[in-house]
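Here are a few exercises to work through with the model open on your screen. Try each one yourself before you read the solution.

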Amino acid sequence: MARVLHTSLVAPSPAGTALQESSLPLTSLDAIWLHAPPVERVFFYANATGNDVLSNLKDSLSRTLRDFYPLAGRLRLTPGTPNRHELHYKPGDGVNFTVAEYHHAGFDELATDDPTEVAKILPLVPALQAGGALLALQATMLSGGLTLGVTFHHGACDGVSSTHFLRTWAWAAPACAGANAPEPPVIDRTFIRDRDGLYDTFTAPRLSSDDEDDGGKPLGVISPDVHQLFATFTLSKEHLQRIKDAVAPASSGGDRAHLLFPADHRTRLDPPVPEKYLGNCVGPCFASALRKEVAAAGADGLFTACAAVAASIDVAPGYWDGIMERIMKVFSAAELPLTVAGWPRFRVYDTNFGFGWPVKVDVVSVARTGAMSVAEARGSDGGVEVSISLPAGGMERFRECFADAMACLSSSPWLNVRFSISWK
């Protein structure tokens, strides 16, 4: 375990006009994530040590929370309602910022793509404080560097908003203040049209598989096996282009595999939602393909999966009207769908607090949810990183399949054939 040195409550900066007590209602798009597990990320920074680093992080966090003040509040049931929730902020609220040190593994051992025991990484992320906290932060000093653990309640905002907050915080650090300031968040829930049926469904109490109260445990949380591993795999820009050039439509019918991943709807809603809107504005995309084709050897399985994903991205009219039926269909399948966390356009590797770019960013929460995380590749101009957490046997099989597919992408001349399907 990490040794906690101290924890402080960082409140929004008092500079300027005093913030007043306020409540921000959850929309139906927020309610989708009300019972979801928190999103946990760890940023690894080499050679970032010293009290000045920690002081700058806390000071710049306070200034950033001034604009993002709802994140300093608490999630609560709206008074006088049976199932409506809100983000409630009052003066004196703040975000827990923990400083810790960790001696059970070195920086280089943890900031690696190679399979690493999840048990060694989990101590680097903070838990959300009981009582409806929305954000928790932890700076952990390691031999050779520092990690910044970030835990968000997904009901408060999506990945677009959370990474907007992180980039704004990084900009506010004194060493980076000369760059152009990021735009402030748009805090206005009237941009999202309420959908009562969707809201009521996702705010209903969640029960465990044996129909007993789960004691408030978020939906979808699993307990990682003590020997479970976490690893990252990279697809280069050239690999991605060859896939795009050769991908073919998937077949239909039969025993199928399902993938569920989020898509940003800020530009898809009518009227569009501002890019810097603070909250959730994502909707699920559903990809499906024959299981035997996805599991095919070489690059064939990879192409089948990519084709199914490409076909699922377009949003047809009436998308939201039938969303519950599509969700129920996917989750009633024999096996639960593989889900995706993250997005290459989040640009998590651009998060520089003035002591260098992160050498690694891990979405640690995939070890609890069974999801696969996706981010832009480090130091590339278009590659993608994929991270996954599996038991040792499953990780070895995944590594073999990935290596097989990459070998085919690099050597098969027939991959230059183009098909008509578009990729977005």
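Helices (H or I, at least four residues) and strands (E, at least two) are DSSP runs, numbered from the N terminus. By that count the protein chain has twelve helices and 16 strands. Residues are numbered from 1 along each chain as its sequence is written, and side-chain values use heavy atoms, with hydrogens and water left out. This is a predicted model, where local features need pLDDT of at least 70 and side-chain atom pairs count only at pLDDT 80 or more, while totals for chains, interfaces and linings use all residues.

**Exercise 1. Work out the strand order of the seven-stranded open sheet, and find its edges.**

Step 1: Two strands pair if DSSP finds at least two bridges between them. Following the pairs gives β7-β10-β16-β15-β13-β11-β12, with mixed pairing.

Step 2: Look for strands with a single partner. These are β7 (116–117) and β12 (282–290), so each has one side without a neighbour in the sheet.

Step 3: Zoom in on one pair. β15 (residues 372–376) runs antiparallel to β16 (residues 384–390), over four bridges. S373 has S387 in β16 as its bridge partner.

Step 4: Add the helix. α12 (residues 392–411) packs on the sheet and touches β10 (229–235) and β16; contact means heavy atoms within 4.5 Å. The direction of α12 makes about 5 degrees with that of β10. Axes here are lines fitted to C-alpha atoms, for helices over the stretch in contact, and angles run from 0 to 180 degrees between N-to-C directions.

**Exercise 2. Classify the ring pairs that F165 makes with F68 and with W169.**

Step 1: Get the cut-offs straight. Rings of Phe, Tyr and Trp (its six-membered ring) pair if their centres lie within 6.5 Å; planes under 30 degrees apart are stacked, over 60 edge-to-face, and the rest tilted.

Step 2: Take F68 and F165. Their centres are 5.4 Å apart with 80 degrees between the planes, an edge-to-face pair. F68 lies in the loop between α2 (51–67) and β4 (74–77), and F165 in helix α5 (residues 159–172), 97 residues apart.

Step 3: Now F165 and W169. Here the centres are 6.1 Å apart and the planes sit at 40 degrees, so this pair is tilted. The two residues are four apart in helix α5, about one helical turn.

Step 4: Check burial (under 20% relative accessible area is buried, over 50% exposed, in between partly exposed; 1.4 Å probe, protein chains only). F165 has 0% and is buried, and W169, at 0%, is buried too.

Step 5: Zoom out. Ring pairs link Y45, F68, F152, F165, W169, F353 and F355 into a cluster.
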